[in-house]
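Please look through the structure shown here with attention to its aromatic side chains and its surface. The briefing below is grouped by topic.

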Amino acid sequence: MSFSRVLQQRFTAKWWRDRSIPTAVTQEILACAYHAPSKQGNYNYTIVALTDTDKGRELKSWLYYNDTTCLDLVQGVEGTGARRYNGQVQAPLVLVWLAHTPWATAEVNDCHVSATMAMAGAELAGVQTGFCGCLGAQTTAAHLGYPQHRAVVSVGFGYADTDSQVMRTVEHNGVELGFDLSNTDPQIRNTPTRRNKPSKNKLIRFV
């Protein structure tokens, strides 16, 4: 299958099957992230890989319940109401990109390029992915043990538990906390934010 076809079928995965990624595939994903190009070859970022070790699960749980939640589409704000959660960070493998110099545009761009290369390698290998940018830039980095850095983006990798729901309720210790969008196959997407992509002829202009 061509890579453009793989991208056409891709969706943001948020709910995951209890299935580990084979070691060889994990290494391929990490190699794609590692070999990504960098502006001027600086590579001024660190990639933190959260796996299914006890510490990895602890950090992923903190990201899910404490750090990446949104209220009224704003990450990390206080207030009451149903919060939006981001299940991307509960994947079997979660990579978090940390820029070394806060707010340096080149480093932020490098993080996104590396994350995209990792996503490409994963999807080609049949592993689903989910980007998450709802991170506390300083708080996430500090919690991961890098207080001098800035968290830019994370990607979850695993095998999606797909269904036709649009949303799922999020509960913790028997208490309903809010909601998370579900995994939605491209053929059955029906959320408004997925309908605004312009045609290829409008998006790409030849000169």
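What follows takes up the aromatic rings, then a charge over a ring, and then a nonpolar surface patch. The model is predicted, and a search of the whole structure finds 4 aromatic pairs.

**Aromatic pairs**

- Tyr-43 and Tyr-45 form one of these pairs, which is tilted, with 6.4 Å from centre to centre and 50° between the planes.
- The two partners are covered to unlike degrees: Tyr-43 counts as partly exposed because its relative accessibility is 38%, whereas Tyr-45 is buried because its relative accessible area is 11%, the cut-off for burial being under 20%.
- Tyr-64 and Tyr-85 form another tilted pair, in which the centres are 5.4 Å apart and the planes are at 45° to each other.
- This pair links distant parts of the chain, since Tyr-64 belongs to helix α3 (residues 54-67) while Tyr-85 lies in the loop between β4 (83-84) and β5 (93-99), 21 residues apart.
- Both Tyr-64 and Tyr-85 are buried, and ring pairs join them with Tyr-65 into a cluster.

**Charge over a ring**

- Arg-19 is placed over the face of Tyr-159, at 3.7 Å from the centre of the ring.

**Nonpolar surface patch**

- On the surface, Phe-3, Leu-7 and Leu-124 make up a nonpolar patch whose accessible area is together about 260 Å².
- Within this patch, Leu-124 is located in helix α4 (residues 105-124), and Leu-124 counts as exposed because its relative accessibility is 52%, where exposed means over 50%.

Conventions
Residues are numbered from 1 along each chain as its sequence is written. This is a predicted model: local features need pLDDT of at least 70, side-chain atom pairs count only at pLDDT 80 or more; totals for chains, interfaces and linings use all residues. Side-chain values use heavy atoms; hydrogens and water are left out. Patches are made of residues with over 30% relative accessible area and no salt bridge: like charges are joined within 9 Å, nonpolar side chains (Val, Leu, Ile, Met, Phe, Trp, Tyr) within 5 Å. Accessible areas come from the Shrake-Rupley method with a 1.4 Å probe; for residues, only the protein chains shown count as cover. A salt bridge is a side-chain nitrogen of Lys or Arg within 4 Å of a carboxyl oxygen of Asp or Glu. Helices (H or I, at least four residues) and strands (E, at least two) are DSSP runs, numbered from the N terminus. Buried means under 20% relative accessible area, exposed over 50%, partly exposed in between (1.4 Å probe, protein chains only). Rings of Phe, Tyr and Trp (its six-membered ring) pair if their centres lie within 6.5 Å; planes under 30 degrees apart count as stacked, over 60 as edge-to-face and the rest as tilted. A charge sits over a ring if NZ of Lys or CZ of Arg is within 6 Å of the ring centre and within 35 degrees of the ring normal.
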